[in-house]
Amino acid sequence: MPISSFYGLQTSLRGLLAQQRALDVSGHNIANANTPGFSRQEALMTASPAYVVPAATATGAGAHLGTGVDVIQYRRVRDQFLDLQYRAQASRLGYESARSEQLDRVEVALAEPSENGIASQLAAFWDAWSDVANAPQDMAARTALVEQGNTVGESFKTVIGQLELVAAQASEEYTRLAGAGGEVDMIARELAALNTTISKFVSAGDSPNDLYDRRDLLVDQLSKLGRVSVTDSTDGMIEIAFGDAAEPIVSDGTVNWPQPLADPDGRLGALRDVFKPGGSVEQYREALDGVAGGLVEAVNTLHRSGGADFFAVTPGDEAASLRVAVTPQGVVAGASGFAGDNAIALEMAKLRGNAGIDGAYRSFVARVGTEVRQAHTQEANAQALSDAVDGRRQSISGVSLDEEMSNLIRFQRGYQASSRAMSTMDEMLDVLINRTGRVGL
Amino acid sequence: MSTRVTTGMLSQRVLADLHRVNERMVRSQTQISSGKAIQRPSDDPFGTSRAMVLRENLDGVEQFQRNVEDARGWQDAAESAMTRMSDAVQRTRELVIQGSNGSADQSARDAIAQEIDELAESLKEFANASYKDQYIFGGVRTDAPPYGQTPAGDVSQAQPGPVARQIGPGVSVAINVDLGAVLGNGAGDDRLLHVLRDIATHLRTGDGAALRTTDLERLDAGFATLLDARALNGARSNRLDAALGRLAELEEASIAQLSATEDVDIAEALIGFSSQQAAYQAALKAGANIVQSSLMDFLR
């Protein structure tokens, strides 16, 4: 059986259609060049099944005659392994940046070094004792001492108040993110809905590229809030485990949230580490209680040798409850009670720079400083790693406008050439149909 | 690995670089305008701790200087009171010699005895000297004069005990002298007041022998204790002077160290700032060129 005369027209048509599809894909890529989470796509072309020339034909028997081109798939260019790496880094970056943010606030609350911090107030307190030692019977000096003692208490209370505020706000943000109707919940619901939609397309044999992109973007967002692990399920659906929650929060089309978390990592983990029992704020509070307790212990021990306690505190909550318990008249400058006896006031003044008071506070400030500095370094590291992975992901999946421009030209030329081939066929057939057998007309 | 650079990556990287340079510039700017290298503990945790120690030292030194000034005021007052006491004792001695002389008759001796009584009262008056409302010879009883202004007030009300001032870290020095051991209680202790009262009695009774011998000796012995007290006071003044000098050195050293720890080196910071500015401008220029150009500019 001979090959049809119209055979070439069909081949050119396939070429035209395929180039046009490829142009459409480039157009889609260009339109989405700035869409977050978009992966560039490409039309996968392959030569369509060849026509085997039958044995009975005059020429080329048994040869495979090409039939043109087919677009077999619109491929989403993406590397799943880079997604895994990116999400691991995003969790870490989420943790480190939130931690750094929270510790910054603690550091600011200390107001050190400055003229208003606890260190300066303590120094002024020792000065006040020296002034009492210089003029033990002077009521003005005693009043100033009592005032300064209360000011020290106020300074401690202010810092504790700020620490509590930091913890309260961290806890509030945690609840807003992880609670019912919070960001985690919203993302989980959208993911479940996407799973359902995707499964419909996939079971029909489709590849819903843009829905995949949207789903991956949501998982990326979730990974900033906490550790995420993704398992493939049936029909293109996925199952998502979040933090250390017992059950997957998204399983195909169902959402299981809220669930209790203990160590979720990510932003939630950092927030939790701030306000949880034994967390940063509580540790700092205990350290400050230790400083205040040391002050109370040392001052009261000396003061008791000639009278009542100088400071009153609530045990276990020293820093926030520190206040002076004596009146200016009740201040004891010396044990003997004689007006000029300043032995106790002198001993008090000598507490200046004491390792258990000023020294303990100093090491507390240095400790906070070191931890904040570490948090900044860790954040910078996590940022660099996350940027690097994101860069590699962008390098594979991102849209390059230059590339798309050259593709446009490429496919445009392909389209033009295909239509030229079709014209050539047409002219050939024109000769055959309109001119053949018209000799002498 | 060959990297496929996409349009989004380009603009992201340009922005990230600009952001980084900008951040460094802001930090330098804050350092230069505040003059402080340490704004917050995390800028330099060790330096912060060191600056806090130095600041504390400096604050202590200032307080010690105030304490020393106060102690010196106290000692100056004591010295001037004791100088006048010495004058009074000298005058007593002259009068004793005058009165023990056989040429003086009883009425002259009575007049001398009268003056001796006045001198005894003035000794007590000097001993009641005060500094900033504190009786400096009252021992730790600084709120009441040690002596009353009648012969009955010869019994010292002073409460012996140290009154001290802190003049350095952990160092305090007593600033009061125990004048009770010098003046005594007017009877039974051979101290100055007792001696003066005895002399007056001996003058009135005409006991020239006692005046010439024992009284003069006892007066000299009493005078010696007064001189000892003055010497002690003077030695303490020297110690306070030395302390003041040492505190001034300590203050200077602390200020210098504090400045070295927390102040910014302006020259260095300005040079750093200039190079950051240059880097910023270069980054802006390069970024502007990279972000703008595209293959589209060249395709017709």
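R87(A) is a buried residue in this predicted model: 23 other C-beta atoms lie within 10 Å, and 20 or more is enough to count as buried. You'll find R87(A) in helix α2 of chain A, which covers residues 80-110. So what does R87(A) touch, once you leave aside its neighbours within four places in sequence? The contacts are V219(A), D220(A), S223(A) and V228(A). For a sense of distance, try Q20(A): that residue is 67 places from R87(A) along the chain, and the two C-alpha atoms are 37 Å apart.

One of those contacts, V228(A), leads us on to a sheet, since strand β5 of chain A spans residues 228-232. The sheet is an open one with four strands, and if you walk across it in chain A you pass β5, β6, β7 and β8 in that order, with antiparallel pairing. Why are β5(A) and β8(A) each left with one side lacking a neighbour in the sheet? They stand at the edges, and each has a single partner strand, so there is no neighbour on the other side. For β5(A), look at β6(A), residues 238-242: the two strands run antiparallel and are joined by five bridges. If you want a specific pair to click on, S229(A) sits opposite A241(A) of β6(A).

Now hop over to chain B. Its domain assignment has two parts: domain 1 takes in 1-34 plus 264-300, while domain 2 runs over 53-258. Taken over C-alpha atoms, the centres of these two domains of chain B are 78 Å apart.

Next, the place where the chains meet. Here 46 residues of chain B are in contact with 47 residues of chain A. On the chain B side, the elements that supply two or more residues are α1 (7-34), α2 (45-100) and β3 (164-168). Which of chain B's elements gives the most to this side? That's α2(B), with 13 residues. By character, the residues on the chain B side split into 17 nonpolar, 20 polar and nine charged.

How far does the predictor trust all this? Chain B has an average pLDDT of 89, and 99% of its residues score at least 70. Among the elements of chain B, α2(B) has the highest mean pLDDT, at 92, and helix α4 (residues 180-183) has the lowest, at 86. As a rule, coordinates predicted with low pLDDT shouldn't be read in detail. For the model as a whole, the scores are ipTM 0.85 and pTM 0.84.

Technical notes. Residues numbered from 1 in each chain as written. Chains lettered and ligands numbered in written order. Predicted model: local features only at pLDDT ≥ 70, side-chain atom pairs only at ≥ 80, totals over all residues. Contact = placed C-beta atoms within 7 Å. Nonpolar A, V, L, I, M, F, W, Y, C, P; charged D, E, K, R; others polar. Pairing = 2+ DSSP bridges. Buried ≥ 20, exposed ≤ 12 C-beta atoms within 10 Å, placed from the backbone. Domains from an automatic or database assignment. pLDDT = per-residue confidence, 0-100.
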